[in-house]
Amino acid sequence: MVERNIVIGGEPGSGKSVSVSMLVAAAALDPYVHLSLFDGKLVELSMWRRCADHFVGADLSRAIEVLRELRADMEDRYAYLMDEGRRKITKGDGGRFPLRLVAVDELASFTLGVGDDKKLCAEFSNLLRDLVSRGRAAGIIVVGATQKPSSDIVPTALRDLFGFRWAMRCSTPQASDTILGSGWATQGFTASSIDGRDRGVGFLLSEGGWPVRLKSYYLSDDDLRTLARRSEALRSADVERAS
Ligand SMILES: Nc1ncnc2c1ncn2[C@@H]1O[C@H](COP(=O)(O)OP(=O)(O)OP(=O)(O)O)[C@@H](O)[C@H]1O
Ligand SMILES: [Mg+2]
């Protein structure tokens, strides 16, 4: 996933949060990866909160504060790269600038606001767009999930920057195209063809490739608890080694 950003879309219950959790699990098991988790529902990613630098529920002000911190870190990384005469953060920079995974489950909780929240949502979307557009070379990966990525919910300027798109079951070919990009449904790649009972199944489109139909790995709550405990132990062992 290094240098990749992923957006996952699909109807309610299609398996988005399970997939986000699977990706977070992979990152959490590497103690050098720092996690920043945004979870509009609180319970989807809370298992990982003790492994994470940041865990934010549906609290827009806090979410913006964390994104600002991440942006400042990204600026430091680019200043360092400029001094070094390099263009990307690599594994060797991990001691000072570790890889970061930023996961946002239910983007709409942070991007779709009414009344006073509208301004905060616009700010959140702008900050996240900046991370998605400039974070790649700086070692910052963004994963976002949303039931509907249509422009009224996730600004197009943000959605279109995600290089990897994963469409879980959708009700219509148009909805599938909103996730994968327009034109895929007419070529036979539409997540509306997925049976509603096939949870976790979707089409994954990588940059410049063809959509691939696949099923995410399902981690039960017990699996997640075991993995989270292992990740916490690996991280504390790492801190002890470093001190
Ligand atoms: N890969 C999978 N294999 C088997 N079952 C799965 C898989 N992915 C999801 N499921 C089942 O589907 C249910 C719903 O999945 P999940 O919570 O990820 O959906 P969602 O798309 O995030 O829904 P919502 O939009 O309501 O948040 C899970 O609780 C699980 O029972
Ligand atoms: Mg979900």
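The expected span of a helix is 1.5 Å times one less than its number of residues, and this rule can be applied at the opening stop of a tour through what is a predicted model.

Begin by selecting residues 16-28, which make up helix H1. The helix has 13 residues, and the distance from its first C-alpha to its last is 18 Å, close to the 18 Å expected at 1.5 Å a residue. Now colour H1 by relative accessible area, taking under 20% as buried: eleven of the 13 residues fall into that class, so that on this cut-off the helix is mostly covered. Among the buried residues are Lys-16, Ser-17 and Ser-19, and further along the helix the buried set includes Met-22, Leu-23, Val-24 and Ala-28.

Next, keep H1 on display and add ligand 1, since helix H1 supplies three residues to the shell around the ligand, the largest share of that shell. Which residues come nearest to ligand 1? Of the 15 residues around the ligand, these are Gly-13, Lys-16, Lys-41, Gln-147 and Ser-216. If you colour the shell by residue class, you will find three nonpolar, seven polar and five charged residues.

With the shell still selected, turn to individual atom pairs. At Gly-13, look to the backbone, where a polar atom lies 2.8 Å from an oxygen atom of ligand 1. At Ser-17, by contrast, look to the side chain, which places a polar atom 2.9 Å from an oxygen atom of the ligand. Gln-147 also offers its side chain, with an N or O atom 2.8 Å from an oxygen atom of ligand 1. Taken on its own, ligand 1 has 630 Å² of accessible area, of which the protein covers 77%.

From Gln-147, move to residues 140-146, the strand E5. Is this strand enclosed or open to the outside? Seven of its seven residues are buried, so E5 is largely enclosed by the rest of the structure. Viewed along the strand, Ile-140, Val-142, Gly-144 and Thr-146 point one way, while Ile-141, Val-143 and Ala-145 point the other way, and all of them are buried.

Finally, display the strands that pair with E5. Strand E1, residues 6-9, runs parallel to E5 and is joined to it by four bridges; to locate one of the pairings, select Gly-9, whose bridge partner in E5 is Thr-146. Strand E4, residues 100-105, is also parallel to E5, and five bridges join the two. Here a useful pair to select is Ala-103 and the residue that it stands opposite in E5, Val-143.

Technical notes: Residues numbered from 1 in each chain as written. Chains lettered and ligands numbered in written order. Predicted model: local features only at pLDDT ≥ 70, side-chain atom pairs only at ≥ 80, totals over all residues. Heavy atoms only, no water. Near = heavy atom within 4 Å. Polar contact = N/O pair within 3.5 Å; in protein donor to acceptor, adjacent residues only side chain to side chain. Areas by Shrake-Rupley, 256 points an atom, 1.4 Å probe, with all protein chains shown as cover. Nonpolar A, V, L, I, M, F, W, Y, C, P; charged D, E, K, R; others polar. Buried < 20%, exposed > 50% of the residue type's maximum accessible area, 1.4 Å probe, protein only. Pairing = 2+ DSSP bridges.
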